[in-house]
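Reader: I would like a close look at one helix in this protein. Please choose one that sits well inside, and tell me what surrounds it.

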Amino acid sequence: LGDFFSERTTAPVKETAAQALGYLIQFLGGENVEVVAGLLAQLIREREWHIQHGGLLGFKYVLLGDPSMKCFTDDIIELLGQLLSEDTDDDVFSAAVENLILLIDRMSVSHFSSHLIQSIHQKLWSVLPHL
């Protein structure tokens with residue numbers, strides 16, 4: 001079975017690698033977690049959707065593996081929010097939303113700046129009619 005099956009991307013190799021990263025992240029110190037988060041952010045900033053998707057999968061499992069969530073700064077959350085546009089690939093869009101949902105589920109809303117919440121809210125509502 002390949003990486004592309006049906007409407008949604010299934011990337012078993014990337015998914016398994018991201019799961020392993022999420023497991024290993026619990027054994028890294030804070031600075032190393034931030035380095036990993038920085039590398040994943042670089043992947044997300046790339047223009048090719050499959051590279052962005054891999055970075056988002058990595059973030060998803062880092063989030064699940066690192067309960068402190070110190071690496072999820074406003075910059076990272078803003079980066080995820082930037083992917084919420086109608087120009088973004090559908091799989092990247094859904095992975096970004098999935099990461100944001102996990103973040104919101106694990107963090108108090110007070111951790112997010114009101115400007116950031118408002119910006120993400122507006123982006124989501126502007127994109128929904130085009131989905």
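Author: Here is a short walk from the whole chain to one helix and its neighbours.

This is a predicted model; local features need pLDDT of at least 70 and side-chain atom pairs 80 or more, while totals for chains, interfaces and linings use all residues. Numbering starts from 1 along each chain, and side-chain values use heavy atoms, without hydrogens or water.

Start with the overall plan. The protein has six helices and zero strands (DSSP runs: H or I of at least four residues for a helix, E of at least two for a strand). Along the sequence the pattern reads α-α-α-α-α-α. The protein has 131 residues, and 37% of them are buried (under 20% relative accessible area with a 1.4 Å probe; exposed is over 50%, partly exposed lies in between). Now take the contacts (heavy atoms within 4.5 Å). Of those with a separation of 6 or more, 64% join residues 24 or more positions apart.

The helix to look at is α3. It runs over residues 49-65, which makes 17 residues. From its first C-alpha to its last, α3 reaches 24 Å. That is close to the 24 Å expected at 1.5 Å a residue (the 1.5 Å is multiplied by one less than the number of residues).

How many of the residues of α3 are buried? The count is 12 of the 17, so α3 is largely enclosed by the rest of the structure. Near its start, Q52 and H53 are on the buried list. Then comes a run: G55, L56, L57, G58, F59, K60, Y61, V62 and L63 are all buried. G65 completes the list. What covers these residues? The cover includes four other helices: α1 (12-24), α2 (30-45), α4 (74-82) and α5 (90-106).

Two residues show this in detail. Take Q52, which lies in α3. Q52 counts as buried at 10% relative accessibility. Leave aside neighbours within four places in sequence. Q52 is then in contact with L43, I44, E46, L83 and V92.

Now move along to K60, also in helix α3. K60 has a relative accessible area of 13%, so K60 is buried. Residues up to four places away in sequence are again not counted. K60 touches E15, E98, N99 and L102.

Q52 also leads to a pocket. Q52 helps to line the largest one (a pocket is an open set of points on a 1 Å grid over the protein atoms alone, with protein on both sides within 12 Å along at least five of seven lines; lining residues have an atom within 4 Å of a point). W49 is on the lining list too, along with I44, R45 and R47. The rest of the lining is L79, Q82, L83, D87, T88 and D89. Three helices, α2, α3 and α4, each supply at least two residues of this lining.

One last stop is in α2, a helix that helps cover α3. V33 is found in α2. V33 is buried, with a relative accessible area of 5%. V33 and M69 are 36 residues apart along the chain, and their C-alpha atoms are separated by 9.3 Å.

To sum up, α3 has 12 buried residues out of 17, and its cover includes α1, α2, α4 and α5.

Notes
1 Å grid on protein atoms, 1.4 Å probe; cavity = no way out; pocket = protein on both sides within 12 Å on 5 of 7 lines; lining within 4 Å.
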